[in-house]
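Me: I am new to this structure. Please take one part of it and look at it closely, then connect it to what lies around it.

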Amino acid sequence: MQALDLPPFSAKLTQSATNQPLIWDGLRRKHVVLTPEEWVRQHVVHYLADHLGYPRGLLALERGLRYNQRRKRTDLLALGPDGQPLLLVECKAPSVPITAAVARQATTYNQTIGAPLLLLTNGLVHYCWRVDFELRTNERLEEIPSYAAAVG
């Protein structure tokens with residue numbers, strides 16, 4: 001898999017009976033198909049937990065939501081100590097550019113979820129915003145806040 005602009009981690013890789021590459025997902029506690037998007041998602045999980053202090057028990061992968069009568073899934077959601085959404089992460093494969101359309105998709109999801117932090121990444125490029133729903137403003141952040149800074 002491609003090197004990303006995120007710290008490396010010791011990925012546990014294997015293959016399925018049909019020779020599909022698999023990666024161990026510690027949050028879901030099972031092997032999942034190793035797609036380029038999954039490679040990015042696993043890197044983000046490890047970065048948030050191991051480098052920025054987000055508790056693994058408060059990270060949720062592919063959580064379902066309803067938007068305009070449709071069922072959608074978030075890539076990754078970090079919850080605050082109160083169990084409320086804190087950081088919504090939209091992951092794309094490294095070959096997928098982070099465009100205005102990707103940003104619209106994530107902000108649309110976040111209108112339902114209500115996370116004050118939003119991260120878009122393809123593993124190579126990362127955009128993070130602080131969202132104020134009352135003032136209806138977005139502030140672009142230079143870096144992804146640590147858990148302590150996000151909840152503080």
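The request and a reply follow.

Me: Take helix 2 (residues 100-113). Which residues of helix 2 are buried, and which strands does helix 2 lie across?

Reply: Keep in mind that this is a predicted model.

Start with length. Helix 2 has 14 residues, residues 100-113. At 1.5 Å a residue, they should span 20 Å. The end C-alpha atoms are 20 Å apart, which agrees.

Now the buried side. V102, A106, Y109, N110 and I113 are the buried residues of helix 2. Seen down the helix axis, these buried residues fall within an arc of 100°, so they line one face of helix 2. A general point helps here. In an α-helix there are 3.6 residues a turn, so residues three or four places apart point the same way.

Turn to the other side. The face of helix 2 turned away from its buried side carries R104 and Q111, both exposed. Just after helix 2 comes G114, with a positive phi of about 80°.

Next, the surroundings. Helix 2 lies across strand 7, strand 8, strand 9 and strand 10. It runs at about 150° to strand 8.

Those strands belong to a sheet. Six strands form this open sheet, in the order 4-7-8-9-10-11, and the pairing is mixed. Strand 4 (59-61) and strand 11 are the edge strands, each pairing on one side only. On average, neighbouring strands of this sheet are turned by 20° against each other, direction ignored. Strand 4 and strand 7 (residues 76-79) run antiparallel, joined by three bridges. A60 has L77 in strand 7 as its bridge partner.

Helix 1 meets this sheet too. It lies across strand 4, strand 7, strand 8 (85-91) and strand 9 (117-121). Its angle to strand 8 is about 150°.

Helix 1 (residues 36-50) also lies across strand 2 and strand 3. There it runs at about 25° to strand 2. These strands sit in another open sheet, of three strands, with the order 1-2-3 and antiparallel pairing. Its edge strands are strand 1 and strand 3 (30-33). The twist averages 45° from one strand to the next. Four bridges join strand 2 to strand 3. I23 stands opposite V32 in strand 3.

Back to the six-stranded sheet, and its cysteines. Strand 8 (85-91) ends at C91. C128 falls in strand 10 (126-132). Why is there no bond between C91 and C128? Their sulfurs are 12 Å apart, too far for a bond. For comparison, a disulfide needs the two sulfur atoms within 2.5 Å. The whole structure has zero disulfides. Both cysteines are tucked away from the probe: C91 is buried at a relative accessible area of 0%, and C128 is buried at 4%.

Two loops deserve a last look. R136 lies in the loop between strand 10 and strand 11 (137-141). Its phi is near 60°, a positive value in a residue other than glycine. R136 is exposed, with a relative accessible area of 76%. N19 offers another case, in the loop between strand 1 (13-15) and strand 2 (21-25). It has a positive phi of about 65° although it is not a glycine. N19 counts as exposed, at 55% relative accessibility. As background, most residues other than glycine have a negative phi.

Definitions and conventions. Residues numbered from 1 in each chain as written. Predicted model: local features only at pLDDT ≥ 70, side-chain atom pairs only at ≥ 80, totals over all residues. Heavy atoms only, no water. Buried < 20%, exposed > 50% of the residue type's maximum accessible area, 1.4 Å probe, protein only. Helix = DSSP H or I, 4+ residues; strand = E, 2+ residues; numbered from the N terminus. Pairing = 2+ DSSP bridges. Axes fitted to C-alpha atoms, helices over the stretch in contact; angles between N-to-C directions. Contact = heavy atoms within 4.5 Å. Expected span 1.5 Å × (residues − 1). Arc of directions from axis to C-beta.
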